[in-house]
Amino acid sequence: MARQNYIFTSESVSEGHPDKVCDRISDAVLDALIAEEPNARVACETFATSSLVVIGGEVGLSDPERLKDYMGRIPQIARDCIKDIGYEQDKFHWNTCHVLNFLHEQSAHISQGVDRDGAGDQGIMFGYAVDETPELMPAPIQYSHKILKRLAQARKSGEVPSLRPDAKTQLSLRYENGVPVEVTQLVLSTQHESESQTSDDIRAIVEPYIREVLPAEWLTAKTEWWVNPTGTFVIGGPDGDAGLTGRKIIVDTYGGAAPHGGGAFSGKDPTKVDRSAAYAARYLAKNIVAAGFASRCTLQLSYAIGVAKPLSIYVDTHGTGQVEEDAIERAVARALDLTPSGIRDHLGLNRPIYERTAAYGHFGREPEADGGFSWEKTDLVDVLKKEI
């Protein structure tokens, strides 16, 4: 039987965190290429440090000459991302940082498998859902994201001009009878404007926004607050710590509450099952919980390079299932075409919808009118019930 009384911790990082700056640039490059051609191939990696952004990886369009013309746009795409995030520091400024582009054409040996609808690589992908939040996400990661997203909104609107883009938060939630009931530890470190500002000053700024986001009953007299616990945090972003695409895979997914296959998402087009199959696995797990088959579900898919169908489907309802797990596995295989092209078609993934995923989580978001976060829909519930 699963534990019912425990403390679990997850963290999130803001859009201004160095790794998230890189994720954002990689996904912006992906969106620009998919907008140019829905079947564009992209595997874009970004590195950022003081006054420097380096972009590399493999890309492909059907017309190589058009791809050459496109390459000249890459530096401006990176600068636009940095500007929107809000970096105008002496050593990391959107208008003055150096942007080096080393993208090149995708390997023909990789593309040959994808061209016949095979997976672009081998790998395992996990999806997860749990009924402890309305979004069917684990509460610690979901609320960590919400805190940072709300602070970013306040910063960009001018409500709190002394805050800067780089930030991270961490929540330790106490569970009682399997339900989150109290924040035992709350950690927030946020970049700020002046060295004269103390940790108490920063807490006074951020606390109202944190209380706005968290359920009031979760913050008690026992909750320990750690706001900028080291003190001054003026130097931030890639000037304070180098960033790299794909280093925040647990932040991007379930905050450690579920397994992770190891593949990052940002900068990868949806022929890469690291991304598309992880989205499909979340979609299926969420619909399984939404259908009432279980209150908690982990779903694993596995693939081989050049092979279209998944090699395996595994479901674990962690003792909460109302339906046998092998029956759910069979229903899942019938309800959704889990080939790479089947996933892309069903979820509408060949669209420029990825830059927005680069911060505050790929899961637990609202589906959007243009197809963004389509994997968060629960429109498969009736199909799964029929199959069961």
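**Strands, helices and selected residues**

User: At what angle to β6 does helix α3 (residues 74-85) run?

Analyst: Helices (H or I, at least four residues) and strands (E, at least two) are DSSP runs, numbered from the N terminus. Axes are lines fitted to C-alpha atoms, for helices over the stretch in contact, with angles from 0 to 180 degrees between N-to-C directions; contact means heavy atoms within 4.5 Å. Helix α3 lies across β3 and β6, and its angle to β6 is about 130 degrees.

User: What pLDDT do local features need in this model?

Analyst: Residues are numbered from 1 along each chain as its sequence is written, and side-chain values use heavy atoms, with hydrogens and water left out. The model is predicted: totals for chains, interfaces and linings use all residues, side-chain atom pairs count only at pLDDT 80 or more, and local features need pLDDT of at least 70.

User: Which strands are the edge strands of the open sheet of 4 strands?

Analyst: Two strands pair if DSSP finds at least two bridges between them. The open sheet has mixed pairing and the order β6-β3-β2-β11. The strands that pair on one side only, and thus form its edges, are β6 (98-105) and β11 (243-244).

User: Which residue of β3 is the bridge partner of Val-42?

Analyst: Strand β2 (residues 41-49) runs antiparallel to strand β3 (residues 52-60), and 9 bridges join the two. Within β3, the partner of Val-42 is Val-59.

User: Which residue in the loop between β2 and β3 has a positive phi although it is not glycine?

Analyst: The residue has a phi near 60 degrees. Its relative accessible area is 25%, which makes it partly exposed, a class between buried (under 20% relative accessible area) and exposed (over 50%), with a 1.4 Å probe and protein chains only. This residue of the β2-β3 loop is Ser-51.

User: How many disulfides does a search of the whole structure find, and why does Cys-81 form none?

Analyst: A disulfide is a pair of cysteine sulfur atoms within 2.5 Å. Cys-81 is buried, with a relative accessible area of 3%. Because its closest cysteine sulfur, in Cys-44, is 10.0 Å away, the sulfur of Cys-81 is too far for a bond. Over the whole structure, the number of disulfides is 0.

User: Which residue just after α10 takes a positive phi?

Analyst: Helix α10 (residues 340-347) has Pro-340, Gly-342, Ile-343, Arg-344 and Leu-347 buried. Their cover includes α8 (273-290) and β12 (296-303). Just after α10, a positive phi of about 60 degrees is taken by Gly-348.
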